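Welcome, and please get your viewer ready. We will go from stop to stop, and at each one you will hear what to select and what is there.

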Amino acid sequence: RYWDGWQWHRDTRPMASTPPAHPGFAAPSGGTASAPTTDDGVPLASWGHRFGAAAIDWLCLGVLSNIIVFVVQSITGADVRMQAAMNRYLAYVVEGLQHPEKFDAAEAIGIVLTQDFYIQLALFFGIGLIYHLAFLGAVGATPGKMTLGLRVIPADQGLAPPGLAWGRAAARAVIWRLLTQFWTLLWLVLLLDVLWPLWDKKQRALHDRIVGTQVVRNPRKRG
């Protein structure tokens with residue numbers, strides 16, 4: 001039974017008809033806002049995908065460079081000399097704690113900043129530079145980016161053939177290696193560089209803006 005506003009009825013209550021749409025209001029389509037793209041329509045990589053690709057590259061490059069440096073230092077005996085320098089440094093620090101008036105910070109640092117130390121620093125920088133330069137110049141993507149389906153392109157040229165011009169690839173690789181290897185000195189710049197795509201309308205990092213690149217997803221159409 002139901003009350004129709006005037007009297008009770010024993011019949012089954014009729015189903016209410018769907019009210020007409022109010023003029024001026026469109027029914028929701030269920031679609032989502034389109035993702036940002038390059039000028040030629042290629043989707044840009046999200047910040048999360050870029051961060052994930054950088055993490056994969058950091059792991060790959062860390063393993064590769066440590067193996068190479070270990071082999072080189074083992075062959076040249078640099079590992080033994082650097083360990084001896086570290087032992088002298090620790091002994092000097094302990095002595096300085098016992099006799100603070102004799103401690104000299106500059107002398108302590110000089111014990112470990114040996115020729116072997118600078119060679120090691122150069123090896124790590126060079127290996128990382130070659131890693132990024134080779135992959136960006138050849139295919140436009142490091143192993144981390146390839147894993148997540150990303151590619152580096154000249155700005156707004158998403159349909160360009162794979163691989164950056166070698167000059168541009170070299171500039172991008174040098175800037176990124178400087179920021180990541182010397183992050184203890186350049187941490188604020190590195191932080192800004194990493195976060196910049198979050199508010200850049202074309203989702204570029206600072207090093208992208210400097211060298212004129214973008215990172216895109218699945219830029220090549222498959223036939």
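**Two helices at an angle**

Helices α6 and α7 are oblique to each other, and oblique is the word for angles that are neither under 35 degrees (roughly parallel), nor over 145 (roughly antiparallel), nor 65 to 115 (roughly perpendicular). Select α6, residues 166-181, together with α7: they pack at an angle of about 120°, with their axes 7 Å apart. Here an axis is a line fitted to C-alpha atoms, for helices over the stretch in contact, and angles run from 0 to 180 degrees between N-to-C directions.

Before going on, a word on what you are looking at. This is a predicted model, in which local features need pLDDT of at least 70 and side-chain atom pairs count only at pLDDT 80 or more, while totals for chains, interfaces and linings use all residues. Residues are numbered from 1 along each chain as its sequence is written, and side-chain values use heavy atoms, leaving out hydrogens and water.

Now show the side chains between the two helices. On the α6 side are W176, L178, L179, T180 and Q181, and they meet W183, L186, V189, L190, D193 and V194 of α7; contact means heavy atoms within 4.5 Å. For a distance to try yourself, pick the C-alpha atoms of L191 and L179: they are separated by 9.4 Å, and the two residues are twelve apart along the chain.

**Zooming out**

Colour the whole chain by secondary structure. The protein chain has eight helices and four strands, where helices (H or I, at least four residues) and strands (E, at least two) are DSSP runs numbered from the N terminus. Following the chain from the N terminus, you pass β-β-α-α-α-α-α-β-α-α-α-β. Of the 223 residues, 29% are buried; buried means under 20% relative accessible area, exposed over 50%, and partly exposed in between, with a 1.4 Å probe and protein chains only. Among contacts with a separation of 6 or more, 66% join residues 24 or more positions apart.

Switch on the surface next. The accessible surface comes to about 14700 Å², and 66% of it belongs to carbon and sulfur atoms. Such areas come from the Shrake-Rupley method with a 1.4 Å probe, and for residues only the protein chains shown count as cover.

**A nonpolar patch**

Keep the surface on and select W47, F51, W183, W187, L188, L191, L192, L198 and W199. Together they form a nonpolar patch with about 980 Å² of accessible area. Members of a patch have over 30% relative accessible area and no salt bridge; nonpolar side chains (Val, Leu, Ile, Met, Phe, Trp, Tyr) are joined within 5 Å, and like charges within 9 Å.

Which elements give two or more residues to the patch? They are α1 (47-76) and α7 (183-195). The largest share, five residues, comes from α7. One residue to click on in α7 is L191, which counts as partly exposed because its relative accessibility is 42%.

**Charged pairs**

Side chains of opposite charge can pair when their charged atoms come close. The structure holds six salt bridges, each a side-chain nitrogen of Lys or Arg within 4 Å of a carboxyl oxygen of Asp or Glu.

Start with D208, in helix α8 (residues 206-211). Is D208 buried or exposed? With 0% relative accessibility, D208 counts as buried. Leaving out residues up to four places away in sequence, D208 touches R50, R172, T213, Q214 and V215.

D208 forms a salt bridge with R172, the closest N and O atoms being 2.7 Å apart. D208 lies in α8 and R172 in α6, so the pair ties together parts that are 36 residues apart in sequence. R172 is buried too, at a relative accessible area of 6%. Add R50 to your selection: salt bridges that share partners join R50, R172 and D208 into one network.

Next, select K202 and D156. Their salt bridge has its closest N and O atoms 2.5 Å apart. K202 sits in the loop between α7 and α8, and D156 in the loop between β3 and α6, so this pair ties together parts that are 46 residues apart in sequence. K202 counts as partly exposed at 23% relative accessibility, whereas D156 is buried at 16%.

**Last stop: two backbone details**

Stay with D156 and look at the backbone: phi is positive, about 60°, although D156 is not a glycine. Then move to Q203, in the loop between α7 and α8. Q203 also has a positive phi, about 55°, without being a glycine, and Q203 is buried, with a relative accessible area of 18%.
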